[in-house]
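Trainee: I would like a close look at a single part of this structure, taken slowly, since I am new to pockets and cavities. Please explain each term as you go.

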Amino acid sequence: MRYGIIGVGAIGGFYGSKLAYSGQDVHFLSHSDYQFVKERGMQVDSCDGSFHLDHVNVYQTPEDMPQCDVVIVGLKTTNNHLLSELLPPLLHERTVVVLIQNGIGVEADVQQMFPDVQLIAGLAFICSAKTEPGRVNHQCYGSINLGNYSCKDERLFSAILNDFTNAGIQAGSVPYEEARWKKAVWNMPFNGMTVALNTRTDLLLKQPATRQLIRDLMMEVIEAAHHLGVTGLDEAFADKMIQMTDEMTPYSPSMKLDFDFHRPMEIYYLYTRPIQIAREAGFSMPKLEMLEAELRFLAEKETCNQ
């Protein structure tokens, strides 16, 4: 199959490069890195084995790209308004779009933009960063769960899973709603708290007070999911996420990196939208509402200082 990658950052750069290295036909849309990657290729420094792509199919504009069977979107959700221009040149009538993005409600909004496009949610559990052109630093983990949102072609869904697996990526199929809320159990506490307290994941867990607060925030997410009829989430899952983070390389999540590099933070889909959805289902998330307010204050302060 032919893959297109929109958003060649820590996520799109890693998974797209893994697929290309395994022999898949992969085409990358890159603006800021275009000339560098065209001349020097892509480097992935990985805990699972580093590699370099000498020749990369890279493009500056979507109009120059071929139509693709699968388009992987690794953009931050703050840039999703660009999809109306970036996606159409890559689509044919059976194209599947995999949204490897953070938050709740992403697929619903993209489906409104493209009613006839088949969508899959990609939920990546990975510590990865991109801080220089053409180079991804993969620190640990790297698995991905796929949740079928509107893909009618089950054989195509299975083929995508197989391609990820054959590329050396641990990939699994998870019910859509469960997949999104499971990812939120980690994302909502750690992304916002590392920004609000200007710290890393490991330091949050070393202090008893913030360790308990992280767990409390996780339980708010789990209870919200329960009110929405989502199964597969319980206290044991929260403890598993905390243990996984204890074992993780000291890490700054994507929102912390965005804040540090003065980029817009993904507050809407990571906080505002799930808090609203939970409230409509009869459940309030007071601690996460407070964290959202703190993040909005910091974002507005950053805007005023620019």
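Mentor: Let us begin with the largest pocket (on a 1 Å grid over the protein atoms alone, an open set of points with protein on both sides within 12 Å along at least five of seven lines), which is lined by 45 residues, Gly9, Ala10, Gly74, Leu75 and Lys76 being those nearest its centre. The elements that give two or more residues to this lining are strand 8 (118-132), helix 6 (176-196) and helix 10 (254-260), where helices (H or I, at least four residues) and strands (E, at least two) are DSSP runs. Among these contributors, strand 8 gives the most, with eight residues.

Before going on, note that the model is predicted, so that local features need pLDDT of at least 70 and side-chain atom pairs 80 or more, while totals for linings use all residues. Residue numbers start from 1 along each chain, and side-chain values use heavy atoms, without hydrogens or water.

The second largest pocket is lined by 22 residues, and those closest to its centre are Phe125, Ser143, Ile144, Asn145 and Gln170. At least two residues of this lining come from each of helix 1 (12-21), strand 9 (135-148), strand 10 (171-173), helix 6 and helix 9 (235-246), and strand 9 gives the most, with six residues. Helix 6 therefore deserves a second look, as it supplies residues both to the lining of the largest pocket and to that of the second largest pocket.

Helix 6 returns in the largest cavity (a set of points where a 1.4 Å probe fits but cannot get out, with lining residues having an atom within 4 Å of a point), for it supplies five residues there, the largest share of the lining. The lining of the cavity includes Arg180, Lys183, Ala184, Asn187 and Met188, whose numbers fall within helix 6. As a general point, an α-helix has 3.6 residues a turn, so residues three or four places apart point the same way.

The other element that supplies at least two residues to the cavity lining is helix 11, which covers residues 267-280. Tyr269, Leu270 and Pro274 line the cavity, and these three residues of helix 11 are also buried, that is, under 20% relative accessible area, with exposed meaning over 50% and partly exposed in between, for a 1.4 Å probe and protein chains only. Other buried residues in helix 11 include Ile267, Tyr271, Thr272, Arg273, Ile275 and Ala278. Just after helix 11, Gly282 takes a positive phi of about 95 degrees.

Conventions: The expected span of a helix is 1.5 Å times one less than its number of residues.
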